[in-house]
Amino acid sequence: MSTPQTSPPSFLSRIAIAIGSFFAILGNASLAQGVSRLRAGEALAADVPPREVRVEVPVEKIVETRIEVPVERIVEKTTEVHAPTAALQLLGLLQREARFVDFVQEDVAGYSDAEIGAAARVVHDGCRKVLAGHFAITPVRAESEGSRITLQPGFDAGAVRVSGNVVGQPPFTGTLAHRGWQAGEVRLPQLTDPQAARILAQAEVEL
């Protein structure tokens, strides 16, 4: 197999090529057509840069699928713990104004009803004074006791207790036996020493 020449042929070689090409062109119409195109300025196939051929290869499309798994929501429940200071303050006020602790701690079995009634009046007046001075107390229900009322679905079961023949779901219609009480504003005195609230009544020493 001959190796293509990289340098231009010599003058004598070109004469030989011209003579050979002359007779070849006479006997080959296709070769004559190619020489005519070459003389018209068309570039040789070897001089034309290769044309980029783009081949599209089908690629499988990957579809991402997201699966949402339901997660149970954890609700943290907190329990509010109240300090006993407020309760001790209330007991202290009831003791100071109404001798409440003295009355309850006393064994009244040996007293007559008249004696107990007289003491209860003093305790009642003092307790009423404490409640009026330190709490805003209002009825839960505005209707009069003994009136017929209807409890609609969703009523506050923490504020209204249903008793008797309770069957099915609300609405419930019944008689208001007690209006209930609820505390609004609380006005307990400020303490500088919370431990002092544990002393409901000071011991008394008489000299």
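Modeller: Before we start, a helix axis here is a line fitted to C-alpha atoms over the stretch in contact, and angles run from 0 to 180 degrees between N-to-C directions. Keep in mind that this is a predicted model.

Biologist: Okay, what makes α3 oblique to α5?

Modeller: The axes of α3 (residues 85-98) and α5 (residues 113-134) cross at roughly 135° and come within 8 Å. Over 145 would count as roughly antiparallel, and 65 to 115 as roughly perpendicular. The value of roughly 135° falls in neither range, so α3 is oblique to α5.

Biologist: What is the handedness of the crossing, left-handed or right-handed?

Modeller: Right-handed, as α3 passes α5.

Biologist: Which residues in α3 and α5 meet?

Modeller: From α3 you have Leu90, Leu93, Leu94, Glu97 and Ala98; on the α5 side they meet Val122, Val123, Gly126, Cys127, Lys129, Val130 and His134. The cut-off for contact is heavy atoms within 4.5 Å.

Biologist: How do those contact residues of α3 with α5 divide into nonpolar, polar and charged?

Modeller: Eight are nonpolar, two polar and two charged. Gly counts as polar and Cys as nonpolar, so that is where Gly126 and Cys127 go.

Biologist: On to the pockets. What lies in and around the largest pocket?

Modeller: About 490 Å³ of space, for a start. Its lining has 20 residues, with Val160, Arg161, Val162, Ser163 and Thr175 nearest the centre. β2 (148-151) and β3 (172-175) each give the lining at least two residues, and β3 has the largest share, with four. Sorted by class, the lining comes out as ten nonpolar, seven polar and three charged.

Biologist: And which helix gives the largest share of the second largest pocket's lining?

Modeller: That's α3 again, with six residues. This pocket has a volume of about 300 Å³ and a lining of 14 residues, including Gln89, Gly92, Leu93, Arg96 and Ile199, which lie nearest its centre. Nine of the lining residues are nonpolar, four polar and one charged. Leu93 turns up here and also in the contact with α5.

Biologist: What kind of peptide bond joins Pro170 and Pro171?

Modeller: A cis one, with omega about 15°. Pro171 sits in the loop between β2 and β3.

Biologist: Last one: what stands out about phi of Arg99?

Modeller: Phi is near 55°, a positive value in a residue other than glycine. You'll find Arg99 in the loop between α3 and α4 (100-105).

Definitions and conventions. Residues are numbered from 1 along each chain as its sequence is written. This is a predicted model: local features need pLDDT of at least 70, side-chain atom pairs count only at pLDDT 80 or more; totals for chains, interfaces and linings use all residues. Side-chain values use heavy atoms; hydrogens and water are left out. Angles under 35 degrees count as roughly parallel, over 145 as roughly antiparallel, 65 to 115 as roughly perpendicular and the rest as oblique. A crossing is left-handed if the near helix is turned anticlockwise from the far one by less than a right angle, and right-handed if clockwise. On a 1 Å grid over the protein atoms alone, a cavity is a set of points where a 1.4 Å probe fits but cannot get out, and a pocket is an open set with protein on both sides within 12 Å along at least five of seven lines; lining residues have an atom within 4 Å of a point. Grid points are joined across faces, edges and corners, and a volume is the space filled by probe spheres set on the points.
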